[in-house]
Amino acid sequence: MYDFYWYPKCSTCRKAKAQLDSLGIEYREIDLKLLPPAAEKFETWFAQGDFPTKRFFNTSGLVYRELGLKDKLDSLSEAEMAQLLASDGMLIKRPLIVKDGKVRQIGYKEEQYTSLQ
């Protein structure tokens, strides 16, 4: 079973959820805003090396812009990035799909979801 981290008010997340449903993929919904993953999870996911650390950030989000992270992110350590992501679910690129402790997908591209079956 997958963990599907999403924000229910996000139209892109709703599209991703609909596609998971249409593919018959079982998942557990986790609201990123209410229950963001702990910093330790992000550090584990960063160490897996499947996605660049910057990819975990919602770079088009209001919180990202308000914090001026575009200019600061390169100077932060992975631990600092993990703490930031864990502190506010709206900083996290969504949806985030995890299975067996491994990030399988960040964001939504329809053609990539078929590989989750």
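1. In this predicted model, strands β3 (residues 96–99) and β4 (residues 102–106) pair in the antiparallel sense, with four bridges between them. Two residues lie between the strands of this hairpin, and D100 takes a positive phi near 55° there. Across the pairing, K99 stands opposite K102 in β4, and V98 stands opposite V103 in β4.

2. The hairpin strands belong to an open sheet of four strands, with the order β2-β1-β3-β4 and mixed pairing. Its edge strands are β2 (27–31) and β4, each of which pairs on one side only. On average, neighbouring strands of the sheet are turned by 25° against each other, direction ignored.

3. Two helices lie across strands of the sheet. Helix α1 (residues 11–22) lies across β1 (2–6), β2 and β3, and runs at about 160° to β1. Helix α2 (residues 39–48) lies across β1, β3 and β4, and runs at about 80° to β4.

4. The aromatic side chains merit a separate point. A pair of aromatic rings is described by the distance of the centres and the angle of the planes. The structure holds ten aromatic pairs. For F51 and F56, the ring centres are 6.5 Å apart and the planes stand at 80°, so this pair is edge-to-face; the cut-off for that class is over 60 degrees.

5. Are F51 and F56 buried or exposed? F51 counts as buried because its relative accessibility is 16%, and the limit for buried is under 20%. F56 has 0% relative accessibility and therefore also counts as buried. Both residues belong to one aromatic cluster, formed by Y5, F42, W45, F46, F51 and F56.

Note on methods: Residues numbered from 1 in each chain as written. Predicted model: local features only at pLDDT ≥ 70, side-chain atom pairs only at ≥ 80, totals over all residues. Heavy atoms only, no water. Phe/Tyr/Trp six-rings, centres within 6.5 Å; stacked < 30°, edge-to-face > 60°. Buried < 20%, exposed > 50% of the residue type's maximum accessible area, 1.4 Å probe, protein only. Pairing = 2+ DSSP bridges. Axes fitted to C-alpha atoms, helices over the stretch in contact; angles between N-to-C directions. Contact = heavy atoms within 4.5 Å.
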